[in-house]
Amino acid sequence: MSTAVNAEITLHHGDDGAFGVAAVPSLELGGVDQETATELGAAAHWIRPCSKATRGDIPVTVTAVAG
């Protein structure tokens, strides 16, 4: 049973042509099924301090897989 958390931060052009960042946190959650992993990934996005600080400012795509 292992758990890993990685995040990829990318630089992209926004709709207005300006540069911006986007975040892709990837979670591998050991000991749970895929449905639970997906639910935990979504919940983590709402309580993470970084998510709270940037909510609405940068695009975030959370991926979570059962490990």
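Does His-45 count as buried or exposed, and at what relative accessibility?

## His-45 and its surroundings

In this predicted model, His-45 has a relative accessibility of 18% and therefore counts as buried, since the cut-off for that class is under 20%. The residue belongs to helix H1, which covers residues 34-47.

Leaving aside residues up to four places away in sequence, His-45 is in contact with Ser-51, Arg-55, Val-60 and Val-62.

## Overall architecture

The chain contains 2 helices and 3 strands. Read from the N terminus, these elements follow the order β-β-α-α-β. The C-alpha trace extends over about 45 × 20 × 15 Å along its principal axes.

Among contacts in the chain with a separation of 6 or more, 52% are made by residues 24 or more positions apart.

## Burial and surface

The chain has 67 residues, of which 16% count as buried; His-45 is one of the residues classed as buried. The exposed area of the chain is about 4,700 Å², and carbon and sulfur atoms contribute 59% of that area.

## Gly-56 and the loop after helix H2

Gly-56 sits in the loop that links helix H2 (49-54) to strand E3 (63-66). With a relative accessible area of 77%, Gly-56 is exposed, because that class begins over 50%.

Gly-56 and Gly-67 are 11 residues apart along the chain, and a distance of 30 Å separates their C-alpha atoms.

Definitions and conventions. Residues are numbered from 1 along each chain as its sequence is written. This is a predicted model: local features need pLDDT of at least 70, side-chain atom pairs count only at pLDDT 80 or more; totals for chains, interfaces and linings use all residues. Side-chain values use heavy atoms; hydrogens and water are left out. Helices (H or I, at least four residues) and strands (E, at least two) are DSSP runs, numbered from the N terminus. Buried means under 20% relative accessible area, exposed over 50%, partly exposed in between (1.4 Å probe, protein chains only). Contact means heavy atoms within 4.5 Å. Accessible areas come from the Shrake-Rupley method with a 1.4 Å probe; for residues, only the protein chains shown count as cover.
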